[in-house]
Amino acid sequence: MDYDFFFRKQLDGLRREGNYRVFADLQRRAGSFPHATHVRERGRAEVTVWCSNDYLGMGQNPTVLAAMHEALDSCGAGAGGTRNIAGTNHYHVLLEEELADLHRTEAALLFNSGYMSNWAALSTLAGRLPGCVVLSDESNHASMIEGIRHSRAEKIVFTHNDPTDLDRKLSRLPADVPKLVAFESVYSMNGDIAPIAEICDVAERHGAMTYLDEVHAVGLYGPRGGGVAEQEGLTHRLTVMEGTLAKGFGVVGGYIAASATLCDFIRSFASGFIFTTALPPAIAAGALASIRHLKTSRSERVAQQDRVVQLRAALDRAGVPHYRNDSHIVPVMVGNAKLCKQVTDRLMDQFGVYVQPINYPTVPRGTERLRITPSPFHSDADIAHLVAALSTIWSELSLQRAA
C-alpha cells in the first residue's frame, strides 16, 4: 500500500471541503493581551486575537506569572515522574485542596488536560461500575464521547439540554442498574447553558449519578468562579464536577472535584492518571495563584460580561448575525466552510483581526461559524474595529445579514 498517497488523498479531501485546518503562528506578548504578533513568511504583523480561550486574560496576570517564576526557581522545570512515583509536588497537593474548596467538595484530582480528565474519569467510572449505562447529552465534547466509548459501557444519547427526553430514557432502565448522566454547563460552540437543576431533578428521581463538565464556566461564573453550578447554588447536587485550568484560569491542566472516595477511586484505577507524568510544579503554582485570585476578584468577570454585551449590541446595529445565548461565547454564523475560511482570511490579512474558522467536525456541516470570545481587555476601539471589518466583509461577500 502507498501509505503517503492515502494520507495525501484524505488531506486533499479536507481542502476541497474547506475543512483543512491551518494554524496561525502567533506570538503572545505578556502585558499586551489580546494583541499578538502573527508570524508569517512575508513578515510579522500585529493582530488582535478574538477567539482565545484565555477568557479572562489570566495567562498574563502578574500574580500568576510571579507564582510560576517562583515555583520554577525553587522546584525546577518538570515534576520528575508520575504522581505515584516521585512526581507529586507540594504545589499539586495545594492545588487539589484549592479546587476542592472552590467546588465545595471533599476532594479534587488533577490531570494534565481537560481532555484527559474527561477521558480518564468517564472511562473509569462507566467501565468499572458493573452494568453501568451512561446517558450522554448529544452535544457533549469529544473528550466525553471518547471517555464513554473507551469504557465500553452502554450509552444512551439524550436530546440536547432536554430533561424530558432524559427522563423518558431513564424511565426505560431497571431501577437497580447503575446510571451516569453526563452533560456540560456551557457548550463551547453555541454558548448555550444547560438546565442543570432540571437535569439533577431527573437524575435524582432515577437514582443516577451526575457528571457535569464546567470547562467553559470555571473562573467565569459564580461569586468565586466556581462555574454555573456555583452561580445557581447547585454544586451539592452533582456527583462529579470536571473543569480545566486552561481557559478561565489561563494556565493548563484539568481536574475533577467530587467525594474523597470517588476521587480516590479514579486516582487508583484510571490509566490516564496513573501512567502520565505529573504537571510541572510551575504550572500547578500558576493555576493555584489564578484560582485564589479569581475567588476574591470579581472585576475580571464583570468586565468580560460588559464586553460581551457591548459586542452583541454592536453586531446587532451592523446586522451581523450571531447566535443568541446567555454565555460569554458569541458565535457569528456563516453556514459554509469555504466562505467561513474566506471571512477569517480577510479579517487577518486586511484588518489585523484573528478569528479561527470553526468547521466540521467541530460543528455540523452547514453551521460553520466564527466563535468570538470577548475578554475584559478588548477595548471599545477593538470592538468597533472588529464589527466594522465584519460589516465590510459581509457586504463584499454578499453574506446574509440579520433582519
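Colleague: What is the strand order in the open sheet of 3 strands?

Modeller: In this predicted model, the order is S11-S14-S13, and the pairing is antiparallel. The edge strands are S11 (330-333) and S13 (357-358), each of which pairs on one side only.

Colleague: How many bridges join S13 to S14?

Modeller: S13 and S14 (residues 369-372) run antiparallel and are joined by 2 bridges. Pro357 stands opposite Leu370 in S14.

Colleague: Which helix lies across S11 and S14?

Modeller: That is helix H13, residues 299-318. Helix H13 runs at about 20 degrees to S11.

Colleague: Let us stay with H13. Which residue forms a salt bridge with Arg307?

Modeller: The partner of Arg307 is Asp380, and their closest N and O atoms are 2.8 Å apart. Arg307 lies in helix H13 and Asp380 in helix H15 (residues 380-396), so the salt bridge ties together parts that are 73 residues apart in sequence.

Colleague: Is Arg307 buried or exposed? And what about Asp380, buried or exposed?

Modeller: Arg307 has a relative accessible area of 9% and is buried. Asp380 is exposed, at 54%.

Colleague: How many salt bridges does the count come to?

Modeller: The count comes to 24 salt bridges. Some of them share partners, and these join Glu98, Asp101, Arg104, Arg224, Glu230, Arg292 and Lys295 into one network.

Colleague: What does Arg83 meet in a salt bridge?

Modeller: The side chain of Arg83 meets that of Glu96, at 2.9 Å from N to O. Arg83 is in helix H3 (residues 83-87) and Glu96 is in helix H4 (residues 90-103), so this pair ties together parts 13 residues apart in sequence. Arg83 counts as buried at 16% relative accessibility, and Glu96 counts as buried at 12%.

Colleague: Where do Asp12 and Arg15 lie?

Modeller: Both lie in helix H1 (residues 3-17), 3 residues apart, which is about one turn of the helix. They form a salt bridge whose closest N and O atoms are 3.2 Å apart. Asp12 is partly exposed, with a relative accessible area of 35%, and Arg15 is also partly exposed, at 43%.

Colleague: A change of topic: which strand holds Glu242?

Modeller: Glu242 lies in strand S9, residues 240-244. Glu242 is buried yet has no salt bridge.

Colleague: Why does Lys247 not form one with Glu242?

Modeller: A salt bridge requires the nitrogen and oxygen to be within 4 Å. Lys247, the nearest side chain of opposite charge, is 8.2 Å away from Glu242.

Colleague: Which side chain joins Glu242 in a polar contact?

Modeller: The side chain of Ser117 does, at 2.7 Å. Beyond its neighbours within four places in sequence, Glu242 is in contact with several residues, among them Asn118, Tyr211 and Tyr255.

How values were computed
Residues are numbered from 1 along each chain as its sequence is written. This is a predicted model: local features need pLDDT of at least 70, side-chain atom pairs count only at pLDDT 80 or more; totals for chains, interfaces and linings use all residues. Side-chain values use heavy atoms; hydrogens and water are left out. Two strands pair if DSSP finds at least two bridges between them. Helices (H or I, at least four residues) and strands (E, at least two) are DSSP runs, numbered from the N terminus. Contact means heavy atoms within 4.5 Å. Axes are lines fitted to C-alpha atoms, for helices over the stretch in contact, and angles run from 0 to 180 degrees between N-to-C directions. Buried means under 20% relative accessible area, exposed over 50%, partly exposed in between (1.4 Å probe, protein chains only). Lys and Arg count as positive and Asp and Glu as negative; His and the chain ends are not counted. A polar contact is a pair of N or O atoms within 3.5 Å; within protein, one must be able to donate a hydrogen and the other to accept it, and residues adjacent in sequence count only if both atoms are side-chain atoms.
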